[in-house]
Amino acid sequence: MEMEEDMEKLVVVGLIEKATNSTAAEVDPRLLKAIKSVVRFSESELRYATQTLMSLMKRDHSQVRYLSLLIIDELFMRSKLFRTLLVENLDLLLSLSVGFRRNHPLPAPASVATAMRSKAIEFLEKWNESFGIQYRQLRLGYDYLKNNLRFQFPNLQANAARIQQERRTREMRTKEILLKKFEFLRANISSIKEEIQVTIDEIVECLDILVKKDEDISLALDDEEMEEFRNAELRQIRHDSLREGEKVHENSENEVVFDALREMYKVLVTKHLAAIQEWTSVLIRVEVEDNSFKNSTLKDLIDIKNLIHMTKRKCEELGCDLSKIANSEEEDMWEDGTVEISEKGKSALICSKSNDHSATTSNDVRDSRCNNNLSNGNKKKNTDNSGSELNPLRSKLFAEAPVLNWGSSMDNWGSNRDVLANQRGLDLDSHWGRVDYDAVIPSEKIAELNVHASVYKEDPVEIQPCRAPLRNGGLCQRRDLKICPFHGLIISRDDDGKPIHQSPLERETSSPQNRTEDSTPEMDNATAEQLLKQAVKNVRERERVETKMKDSDKRALKRAKLAKVREHNESVMRDAALATTWRSAHIGEGIEIGNESRSSAKAKKQTLSSMLKKKGTVKDRLSRRLLNSRAC
Amino acid sequence: MWKEIREREFGKLRPNLFTSSVSKHRLSSIQLSNSKEIISSHRASINSLQVDLTEGRYLLAGASDATVAVYDVQRASDYEGGGLIAKHKSVLLINKQHEHGHKYPVSSAIWYPIDTGLFITGSYDHHINVWDTNTTQVVMNFKMPGKVYRTAMSSLARSHMLIAAGTEDVQVRLCDIASGAFSHTLSGHRDGVMSLEWSTSSEWVLITGGCDGAIRFWDIRRAGCFRVLDQSHSQFGRRPPLLVRPSTNKKSSSAGQSSCAKVRAPHKKLNGNALKSQVKTAKQRLHPGMISSLDRATGHYGVITGLKVTDDGMYLLSAGSDSRLRLWDIESGCNTLVNFETTRLQSSKSIQMALSQDSALAFVPCMTTAKAFDMWSGQTRWTFRGHYENINCCWYNALDQELYTAGNDRQILVWSPSKLNFDEVDEWRNGQAAVTDQDNWSD
């Protein structure tokens, strides 16, 4: 019996240890399932599991603790016995998972530790939500973390509840508004209907008037020439053209009717149709007890809507593009600035449209006005033109005169009059005492005051790209004013990036023998100076390069030393970790087998101890490689 | 259970035995109460707890944020979770906003032992206030020379109304409520006094424990202290041995005989004198100031943080900053050498210990846990885990067999016996709420 128990114990303990010995962020679901199924049917297993989990929580490794915590949560949400066992030591569990005691901070992998903390807080909140009422300890822990230590709980439940509540209130409000609208509709439905009916009737009347006028002619035409077009296609064309002809065109006679129609159409489309649509949506969404009124009204509304659509179609079939006109009219209403132009345009349109010029008076007036405008503009142009023609001298002067910005100095340009000081602006009667009205500012003072100031404007300079050849075959596209930080002075280069013509200095340095031959003494002075500079520069450059080399050598040495130290540390740490972690024997063997296979062993498996190790940076790796090559 | 009741009815079992057996049984199942919750109104650590001695109903708590609150532990103010959790809100709260409230932490809050009409608070602002409970007004105010650490009133005093106050000052003062003045100034300690207790057998005897590690006994009718407990002066067992035994103490090896002989003397006071006389060869009546060698004896290494006298007045439990608990035989003045398995005790603050009714168990705050020790063997019976920070005080309510603990985490926790079997009605009611707390194996 005891043996059996021991065996069982081994099962669950082994399972848990296996599950927690991983670097994954989640517990292996199969292992978790196995643990659950084992623990489910045996109390003693559960007790062992609790003990094991608590001891694992004390492990000095956040990853182990984290995974244990996940298992604890799984079991906590399921087993009552587990809960009662666990809440006994809840303060311990919390201090191990949240790490709120200053003298017991969370252990090493910091990222895992923070994840664990947030998870633990989340779990505590969840546990408190679901079981807090049964376990005082849970309430206490939650309360302590929340009120004493001021931990921020994710507050999932409360947030969800709040959102729900908000949504509910919003719905309530919309419902209320809908109901109000519905009541309004119920009260006013008849008047609305009437109004719409009146509009539709008027439109229909208008249409009748328009259509009747044209009907006789078109019909007559139809009858006469029906036989001539036997061919179906031809007849079709004929029919189309006839229909086109049927379309009533606006002219001076029916303009009034059209205007009225347009107005009505606009009202119908913009006001009534939108209103009907709105009412329909209100009716659909509203919830009331008696559906009879709702249904009947809905039916009515749909009928009205159909009627409106029909009327609209009729209007459109009539050919006059009412919608466009409506739009333009709307523009007229709102954009004051464009009124004149559009009217002008319209008037012009009307002018061209109307065959005979004997239109209404209003048209005349418009026309004349537009003519006036035109003539005014022309006149202005003419005056300009005439001026230029008359005075060639002046035009010449114009051409060469500098263009100045307007300023107050232009007021008195070229005048040399004295200015009365107290004779402009407000006439304040001896406000500050006696005023000398004859005070005069002499002209030279005025000139002094009117010195024209102009702001310097830099001409935009196009900054040339460096265009030095790059290693990848391209050209350097950096745009610097004078010196590219990578390629030195910016000089003009050809398409391959080669400098087109060398600077005289370079030429000189490259061919000193030439220089001595063809240089004049005056030239020599200047170039000598340059040369001197160049020489100093060269020396400096060389020095710098040398120091750099030295530095890099030193750094490499240092790196090598560091790498050595690090390697030593690593081996020590590995040993220590191996001594503590599970699976230790296995890895230890792997290392001892051979140094050359070490890297492969390292790559083989990420272990818990490796999480604790510092990750090598690129620099480290490079230095290590360097070291190895040197050793070879 | 039922058998015992029948036996009591038949007269086979004496009523007091029956009560004690029931209460003992209840005490044995004490644990953190889920159904009773005291909503603490304090915003800082709670330093003192006391249930009134008359009704056993009103819990008085004093806290570091200068608040004093009274909680009704029998009638809940409201319920939560379908009557599962009874919440006890404070029925009375005095904070800094009160016109006579304390300015600094309240270190001690005690009830007037005779009724609940008065209570006394001592604070770090050097004041001791006597409050009228019903009007929550200060009826008397004593200005002390330093921070007040602890106040005490004798529960069996019939002839005086003295508040003993331990302060930063070396002198212990007795404040007389009747006259509103200091009636006594007891000097002898070399440092402040952190804990003090009145004897439960004599209304004249006061026991004080100082920061100098000395535990002194005072007879307030006489000048000076009459006994200083010495930790090296010890005896095996509860009572001093009848036979002469070579004591471990080298100093009293020769004196053991005389002390043993004197122990049987009926008068306690005489006994005390006899103890001191053992050092002096001369039989002269010793001055209460005593000779310096005896006067320098210490009960603990370090500060005496807590004192508690058993109900019968025969034993004294003391706690020190050396993390030891010592049980003293008051009559002989010896350390009984009971080894309490303490781990650590708080050393910076005074702690308030509690004893069960028949003094079988001692409840001691040990850092974040409270422990119940067997008084005579020193073994840990239970460990009460629940607080998240150090516990400062505990109080055992003998009437309901409930333990109240409070500490730095501002909570007052109730530890009560788990429900007995015959509370079937309760079980029934709880059953419905417990439905949510079931195993829930989804897979």
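**Exercise 1. A helix pair in chain A**

Task: In this predicted model, describe how the axes of helix α3 (residues 43-57) of chain A and helix α5 (residues 80-88) of chain A are placed, and what kinds of residues make up their contact.

Solution. Start with the axes: those of α3(A) and α5(A) come within 10 Å and cross at roughly 35°. Next, take the sense of the crossing, which is right-handed. Now list the residues on each side. Helix α3(A) brings E43(A), L46(A), R47(A), T50(A), L53(A) and M54(A), and these meet L81(A), F82(A), L85(A) and L86(A) of α5(A). Finally, sort these residues by character: 7 are nonpolar, 1 is polar and 2 are charged.

**Exercise 2. Two chains side by side**

Task: Set out, for chain A and then chain B, the secondary structure, the share of buried residues, the share of long-separation contacts and the accessible surface.

Solution. Begin with chain A, which has 24 helices and 4 strands. Of its 632 residues, 27% are buried. Then turn to the contacts in chain A whose partners are 6 or more positions apart: 62% of them involve residues separated by 24 or more positions. The accessible surface of chain A is about 44,600 Å², with 54% belonging to carbon and sulfur atoms.

Now repeat the steps for chain B. Here there are 6 helices and 31 strands. Buried residues account for 55% of the 443 residues of chain B. Among contacts in chain B between residues at least 6 apart in sequence, 50% join residues at least 24 apart. The accessible surface of chain B comes to about 19,400 Å², and carbon and sulfur atoms hold 50% of that.

**Exercise 3. A serine in a strand**

Task: Find where S318(B) sits, decide whether S318(B) is buried or exposed, and name the side chains with which its own side chain makes polar contacts.

Solution. First, the location: S318(B) belongs to strand β22 (residues 315-320) of chain B. Second, the accessibility: S318(B) has a relative accessible area of 0%, so this serine counts as buried, the limit being under 20%. Third, the polar partners. The side chain of S318(B) is joined to that of H300(B) by a polar contact of 2.7 Å, and another, of 2.8 Å, links the side chains of S318(B) and W328(B). Last, look at the wider surroundings. Beyond four places in sequence, S318(B) is in contact with residues including I215(B), G306(B), L307(B), R324(B), L325(B), R326(B) and M353(B).

**Exercise 4. A leucine that touches that serine**

Task: Place L325(B) in its strand, explain why L325(B) counts as buried, and list residues that L325(B) touches.

Solution. L325(B) lies in strand β23 (residues 325-329) of chain B. Its relative accessibility is 5%, so L325(B) is classed as buried. Among the residues more than four places away that L325(B) touches are H300(B), S318(B), A319(B), V338(B), F340(B) and T342(B). L345(B), M353(B), V364(B) and F373(B) are also touched by L325(B). To finish, follow the chain further: G378(B) is 53 residues from L325(B) in sequence, and their C-alpha atoms are separated by 9.0 Å.

**Exercise 5. Positive phi in loops**

Task: Give the phi values of M367(B) and Q401(B), and say in which loop each residue is found.

Solution. Take M367(B) first. Its phi is near 50°, a positive value in a residue other than glycine, and M367(B) is found in the loop between β26 (361-366) and β27 (369-374) of chain B. For Q401(B), phi is near 55°, again positive in a non-glycine residue. Q401(B) occupies the loop between β29 (391-397) and β30 (402-407) of chain B. As a last step, check the accessibility: at 8%, Q401(B) counts as buried.

**Exercise 6. An alanine and a glutamate**

Task: State the secondary structure element and the accessibility class of A109(B) and of E316(A).

Solution. A109(B) lies in strand β9 (residues 106-111) of chain B and is buried, with a relative accessible area of 0%. Its contacts beyond four places in sequence are S48(B), Q50(B), L60(B), A61(B), G62(B), I120(B) and T121(B). E316(A), by comparison, lies in helix α12 (residues 291-317) of chain A and is partly exposed, with a relative accessible area of 38%. The C-alpha atoms of E316(A) and Y265(A) are 9.8 Å apart, with these positions 51 residues apart along the chain.

Notes
Residues are numbered from 1 along each chain as its sequence is written. Chains are lettered from A and ligands numbered from 1 in the order in which they are written. This is a predicted model: local features need pLDDT of at least 70, side-chain atom pairs count only at pLDDT 80 or more; totals for chains, interfaces and linings use all residues. Side-chain values use heavy atoms; hydrogens and water are left out. Helices (H or I, at least four residues) and strands (E, at least two) are DSSP runs, numbered from the N terminus. Buried means under 20% relative accessible area, exposed over 50%, partly exposed in between (1.4 Å probe, protein chains only). A polar contact is a pair of N or O atoms within 3.5 Å; within protein, one must be able to donate a hydrogen and the other to accept it, and residues adjacent in sequence count only if both atoms are side-chain atoms. Contact means heavy atoms within 4.5 Å. Axes are lines fitted to C-alpha atoms, for helices over the stretch in contact, and angles run from 0 to 180 degrees between N-to-C directions. A crossing is left-handed if the near helix is turned anticlockwise from the far one by less than a right angle, and right-handed if clockwise. Ala, Val, Leu, Ile, Met, Phe, Trp, Tyr, Cys and Pro count as nonpolar, Asp, Glu, Lys and Arg as charged, and the others, Gly among them, as polar. Accessible areas come from the Shrake-Rupley method with a 1.4 Å probe; for residues, only the protein chains shown count as cover.
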